[in-house]
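I wanted a notebook record of what holds this chain together and where space is left inside it. The entries below follow the order in which I looked things up.

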Amino acid sequence: QVQLVESGGGLVQAGGSLTLSCAASGSIFGINAMRWYRQAPGKQRELVAQFTSGGTTDYADSVKGRFTISRDNAKNTGYLQMNSLKPDDTGVYYCNANIWISDSRFYNQWGQGTQVTVSS
């Protein structure tokens, strides 16, 4: 069974940093099209960072200059480095990616979510 496993959430003071990880497990060929979303209490899930189809990165305006999406293809793992955190960044963070199980077949998967809480 292929899946994405997230880690790295927690409680941090405003101005602090966290790095989230999203690792693909199972017998896989590779991953691509990784995106990070977050969902604050009472709000809809929103896209915060992604790799575009052209291989560049794109960020929500609210996190530009503070968050960085990256990946380690050898480890089939993606990361979200979050700096200068604000209370408004509080929420459950989810990764989403295509997990390739061969060179022609993939599944789109979500991670289980990890809680990020930023105190003021």
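I began with the largest nonpolar core, taking a nonpolar core as a set of buried Ala, Val, Leu, Ile, Met, Phe, Trp, Tyr and Cys residues joined through side-chain atoms within 4.5 Å, and found that it has 28 residues, of which Trp-36, Phe-67, Leu-80 and Met-82 touch the most other members. I noted that S3, S4, S5, S7 (67-72), S8 (77-82), S9 and S11 (114-119) each supply at least two residues of this core. Here strands (E, at least two residues) are DSSP runs numbered from the N terminus, as are helices (H or I, at least four). Buried means under 20% relative accessible area, exposed over 50% and partly exposed in between, with a 1.4 Å probe and protein chains only.

Before going further I wrote down the basis: this is a predicted model, in which local features need pLDDT of at least 70 and side-chain atom pairs count only at pLDDT 80 or more, while totals for chains, interfaces and linings use all residues. Residues are numbered from 1 along each chain as its sequence is written, and side-chain values use heavy atoms, with hydrogens and water left out.

Next I looked for disulfides, meaning pairs of cysteine sulfur atoms within 2.5 Å, and the count came to one. Cys-22 and Cys-95 form it, with their sulfur atoms 2.0 Å apart, and the link is right-handed, with 70° about the S-S bond. It joins distant parts of the chain, since Cys-22 is in strand S3 (residues 18-25) and Cys-95 in strand S9 (residues 91-100), 73 residues apart. Cys-22 is buried at a relative accessible area of 0%, and Cys-95 is buried, its value being 0%.

I then followed the strand pairing, where two strands pair if DSSP finds at least two bridges between them. Strand S4 (residues 30-39) runs antiparallel to S9 over eight bridges, with Arg-38 opposite Tyr-93. S4 is also joined to strand S5 (residues 46-51) by four bridges, again antiparallel, and Arg-35 stands opposite Gln-50 there. S4 and S5 form a hairpin with six residues between them, and Gly-42 in the turn has a positive phi of about 75°.

Which way do the side chains along S11 point? I found that they alternate: Thr-114, Val-116 and Val-118 point to one face and are buried, whereas Gln-115, Thr-117 and Ser-119 point to the other and are not. S11 pairs with strand S2 (residues 10-13) in the parallel sense over four bridges, Leu-11 having Thr-117 as its bridge partner. S9 and S11 are antiparallel and joined by three bridges.

Last I looked for empty space on a 1 Å grid over the protein atoms alone, where a cavity is a set of points where a 1.4 Å probe fits but cannot get out, a pocket is an open set with protein on both sides within 12 Å along at least five of seven lines, and lining residues have an atom within 4 Å of a point. The largest pocket is lined by 14 residues, with Arg-38, Ala-40, Lys-43, Glu-46 and Asp-88 nearest its centre. The largest cavity is lined by Ile-31, Asn-32, Ala-33, Met-34, Phe-51, Arg-71 and Asn-73, and S4 gives the most to this lining, with four residues.
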